[in-house]
Each structure stands twice: as structure tokens, then as C-alpha cells.
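Me: I would like a close look at a single helix and the elements packed against it. Which contacts does the helix make, and what comes after it?

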Amino acid sequence: MENGSDTPEAPRPTERPKRRRRSTGTYAAADSRRAAIIEAATLHFARAGYLSSSLAKIAADAGTSATVIVHHFGSKEKLLMAVLVAREERNYLRVHGAVPHDDVREQFRAVLALAAHNLTEPGLIELFAKLSVEATDPAHPAHAFFVARNEGAADALAASLRAARAAGQLKPDIDPDQIAREILAVSDGLQVQWAISRGRLDFLADYRAYLDRLTRALTADGRGLD
């Protein structure tokens with residue numbers, strides 16, 4: 001990786017500005033430029049992978065310069081972390097932002113739809129799988145990101161399962177937190193296997209079969225996804 005680092009640094013919380021913003025237009029333009037850079041970087045990392053993507057090529061597609069990217073993000077490694085954060089936010093909205101929280105089948109179908117979408121970005125899946133394993137080390141720069149990501153994803157799934165249980169869809173004795181962690185572990189584990197197999201593993205078929213079995217085991221009526 002660039003700047004002599006082997007691993008990306010996790011994004012740090014930004015400090016509260018000491019002065020009030022004088023020009024909302026200037027800051028809006030900066031936000032728009034950052035969004036364009038993240039979008040261009042996402043496409044490059046997904047198609048070519050991290051190592052084969054250069055700041056110059058990303059900048060060209062974003063309509064800016066490598067110098068501006070470094071100004072906004074600090075380094076290519078930190079740009080990658082920004083891409084992962086943005087991807088995680090989009091993934092959350094795809095699953096939890098558009099379907100009823102108390103309908104477990106709709107939630108699981110949304111999870112499958114998200115998995116299908118993620119397969120269109122194989123470079124990001126491979127990067128995510130690699131970094132998630134490396135970041136088990138507390139000293140890894142991306143450790144904090146993955147801790148927050150895992151906790152947030154598990155909490156969101158557990159909340160949906162609790163809502164479905166309260167609505168009478170699920171058996172009353174289920175443990176939403178344990179099931180949420182299991183779903184996350186199966187999803188991430190299959191992604192690692194998919195990356196290792198270079199795409200030969202039928203990730204969607206295996207993931208759908210798992211969620212269908214899980215739905216039959218959890219639901220009060222014992223039916224699957226269909």
C-alpha cells in the first residue's frame with residue numbers, strides 16, 4: 001500500500017470545528033467533491049482491486065486531482081476506509097431502510113438482495129474479507145472499524161428479529177442477539193470462502209439455503225422464505 005504502510009488506517013472522529021461556517025456553499029462543494037471521490041474510488045476498488053487502483057485514475061474519474069484526494073482523505077489507505085464506511089452505511093439502508101422491521105421474511109429477502117448486489121463488486125468483497133481477518137488483531141489500524149461494524153450489524157439484525165417476535169412471526173423463545181451473530185458469521189464466512197474460491201462457490205445459493213432453513217426453524221408457522 002502507499003505511503004509505506006501495509007494496512008489502511010481506521011478513520012478517526014473529526015473534531016468539532018472551532019469556528020462557525022461562513023460559507024455553506026463552500027462546505028457543500030467540499031462534501032460533494034468528497035462524495036464524488038468516494039464513488040469513483042468504490043468503482044476502481046471493486047473492479048481492479050486496491051493495489052491496481054491509483055489515486056491518479058480515481059482522481060480523473062472524480063474530476064479532480066490526486067493532490068485534492070490527499071487533501072481530503074490524507075492517503076490512499078484512508079480513502080479505502082472511507083469507501084468501506086460508505087459501503088456499510090449503504091448496506092444498512094438497503095436491508096433496514098426500505099422493508100418492515102417486523103417482517104422477518106422481508107428482512108431476509110433484503111439481506112439476500114444485498115448479497116446479490118455485493119457480488120457485483122467482487123473487489124470490495126475480497127478486500128473486506130481480507131481486512132476483516134487481519135483486523136482481529138487489536139493493534140491493526142482497521143480494528144476499531146470492524147468492531148463497530150460487527151456490533152452495529154448484529155444490533156440492527158437483532159432489533160428486527162425482536163420486532164418480528166413481538167409481532168408474533170417468530171417463536172417466543174428465540175434469542176435475537178444469538179441469531180443475529182450467527183447470521184453475520186455465516187454471511188462473512190461464506191464471503192471469505194467465495195473469495196478464496198475465486199468466485200466458484202455459489203455464494204447466493206448457499207446463503208439462501210441457510211436463510212430458508214433458519215426461517216423454517218424460527219417462525220411460528222414453520223414456513224421458509226417463499
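Reply: What follows deals with helix α8, its two helix partners and the loop after it.

This is a predicted model, in which local features need pLDDT of at least 70 and side-chain atom pairs count only at pLDDT 80 or more, while totals for chains, interfaces and linings use all residues. Residues are numbered from 1 along each chain as its sequence is written, and side-chain values use heavy atoms, with hydrogens and water left out.

Helix α8 spans residues 176–196 (helices are DSSP runs of H or I with at least four residues, numbered from the N terminus). One partner is helix α7, residues 143–166, which packs on α8 at about 130 degrees with the two axes 8 Å apart. Axes are lines fitted to C-alpha atoms over the stretch in contact, and angles run from 0 to 180 degrees between N-to-C directions. That angle makes α7 oblique to α8 (under 35 degrees is roughly parallel, over 145 roughly antiparallel, 65 to 115 roughly perpendicular, and the rest oblique). The α7 and α8 crossing is right-handed, that is, the near helix is turned clockwise from the far one by less than a right angle, and anticlockwise if left-handed.

On the α7 side the contact (heavy atoms within 4.5 Å) is made by R149, N150, A153, A154, L157, A158, L161, R162 and R165. From α8 come P176, D177, I179, A180, R181, I183, L184 and D188. Sorted by class, the contact of α7 with α8 has ten nonpolar, one polar and six charged residues. Here Ala, Val, Leu, Ile, Met, Phe, Trp, Tyr, Cys and Pro are nonpolar, Asp, Glu, Lys and Arg charged, and the others, Gly among them, polar.

The other partner described here is helix α6, residues 122–134, whose axis comes within 9 Å of that of α8, with a crossing at roughly 115 degrees. The helices α6 and α8 are therefore roughly perpendicular to each other, and the crossing is left-handed. In this contact P122, I125, E126 and A129 of α6 meet Q191, V192, W194 and A195 of α8. The contact of α6 with α8 divides into six nonpolar residues, one polar and one charged.

Beyond the helix, R198 lies in the loop between α8 and α9 (203–218). R198 is not a glycine, yet its phi is positive, about 60 degrees. With a relative accessible area of 60%, R198 is exposed (over 50%; buried is under 20% and partly exposed in between, for a 1.4 Å probe and protein chains only).

How values were computed. Helix = DSSP H or I, 4+ residues; strand = E, 2+ residues; numbered from the N terminus.
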